[in-house]
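Me: I would like to go through a structure with you. Could we take the cores, a pocket and some backbone angles in turn?

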Amino acid sequence: MSPIKNVAVVGAAGALGAPILKAIVDSGKFNVTVITRPASTSTFASSVNVVKADYTSVDSLTSALKGQDAVVSAVGMEGLLGQSILIDAAIAAGVKRILPSEFGSDLSNPKTAVQPVFGYKIATRKYLEDKIAAGADITYTYVINGGFLDWGLDHSFLLDWKSPEPKLFNGGEFEFSSTTLASVGQAVVGVLDHPEETKNRSVYVQDIVISQKKLLELARKVAPEKKWTPVTVSLDEQEKWANGKLAEGDYSAPVMYTYLNVVIFQDGYGSRMKKTDNELLGIKGKTEADVEAIFKELIAKN
């Protein structure tokens, strides 16, 4: 496969898109275009070409993607369903590689794939792979990075350290893979830099394997003056609650995040990686000292 030089990013202003864009730009290896919605007021580095396009229009996105070798989608939950339009546009524009907005759990795991929170991502995978099976001249890479480490701590998702009674799911013993947003960005650069080795497959990256109990231990080390009394929460009970809410038609964030907890904080869902592509993609990993540094910064802000 010929080298990738021209790269478009969709969703580049978001919590995930911004660090991905930064990594691509900072690598100095690519000509970078950001595709934004017509109403967007986001600003970007002067080295980035900005093109406005209607995300709901195949024609508009096709025009925006002309001349691009690869497109990286970093759209959030609200944009996941519309990725079929982006796929059609990328194919029509002659894009060689698409990275859909995966960036999380391993959806090749059957138990994970059936979780309601991943419905749109599974639909996107099927749409894309069916297009390729039917002869579309495009390739893909899915980036699997587990839970976001820095974002997950900042938003009290991996550990609710902002509460005096943080929840430890099933006791908090399970060790899961986690990756910083900056390393996710580096993984994207690695994929774009190694198109043949990453063609039509998932790539797996992690910065650290860690448990909720260890996270709490590190938080206590950083802030010994703080008093935390953790509470053990059953994931089976949480899942039953979420299923009940879903049956009532409740698709709210608390329900969907519960399914993420089910996947991340226990065995059987592929959230602790058995193999990684860290070496290929240039991921150096993080230490417990790095996690302490994240806690220091976050606790100082709160």
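Reply: The conversation below covers these topics, and the structure is a predicted model.

Me: Which residues touch the most other members in the largest nonpolar core?

Reply: They are L153, L215, V291 and F295, in a core of 40 residues.

Me: Which elements supply at least two residues each?

Reply: On the helical side these are α6 (149-154), α8 (212-222), α9 (235-247), α10 (253-264) and α12 (288-301). The strands β8 (167-169) and β11 (208-211) each do so as well.

Me: And which gives the most to this core?

Reply: That is α10, with seven residues.

Me: Back to L215, what does it touch, leaving out residues up to four places away in sequence?

Reply: L215 is in contact with L153, V291 and F295, and also with L158, L159, F176 and I210.

Me: What does the second core include?

Reply: It is separate and has 31 residues, among them L16, V34, V143 and L192.

Me: Changing topic to helix α1: which of its residues are buried?

Reply: In α1, which spans residues 17-27, the buried ones are G17, P19, I20, L21, A23 and I24.

Me: What do the buried residues of α1 pack against?

Reply: Their partners are the strands β1 (6-10), β2 (31-36) and β4 (70-73), together with helix α7 (181-193).

Me: What phi does G28 take, just after α1?

Reply: G28 has a positive phi of about 70 degrees.

Me: Which residues other than glycine have a positive phi?

Reply: Two examples are F103, at about 50 degrees, and N200, near 50 degrees. F103 is in the loop between β5 (97-99) and α4 (110-113), while N200 is in the loop between α7 and β10 (201-204).

Me: Is F103 buried or exposed, and why?

Reply: F103 counts as buried because its relative accessibility is 3%, and the cut-off for buried is under 20%.

Me: What about N200, how is it classed?

Reply: N200 is partly exposed, since its relative accessible area is 29%.

Me: Now the second largest pocket. How much space lies in it, and how many residues line it?

Reply: The second largest pocket holds about 340 Å³ of space, and 18 residues line it. Those nearest its centre are S156, F157, K167, F169 and N261.

Me: Which element gives the most to that lining?

Reply: α10 does, with four residues. The elements that each supply at least two residues of the lining are β8, α9 and α10.

Me: How do the lining residues divide into nonpolar, polar and charged?

Reply: Eight are nonpolar, seven are polar and three are charged.

Methods
Residues numbered from 1 in each chain as written. Predicted model: local features only at pLDDT ≥ 70, side-chain atom pairs only at ≥ 80, totals over all residues. Heavy atoms only, no water. Core = buried A, V, L, I, M, F, W, Y, C linked by side-chain atoms within 4.5 Å. Buried < 20%, exposed > 50% of the residue type's maximum accessible area, 1.4 Å probe, protein only. Contact = heavy atoms within 4.5 Å. 1 Å grid on protein atoms, 1.4 Å probe; cavity = no way out; pocket = protein on both sides within 12 Å on 5 of 7 lines; lining within 4 Å. Points joined across faces, edges and corners; volume = space filled by probe spheres on them. Nonpolar A, V, L, I, M, F, W, Y, C, P; charged D, E, K, R; others polar.
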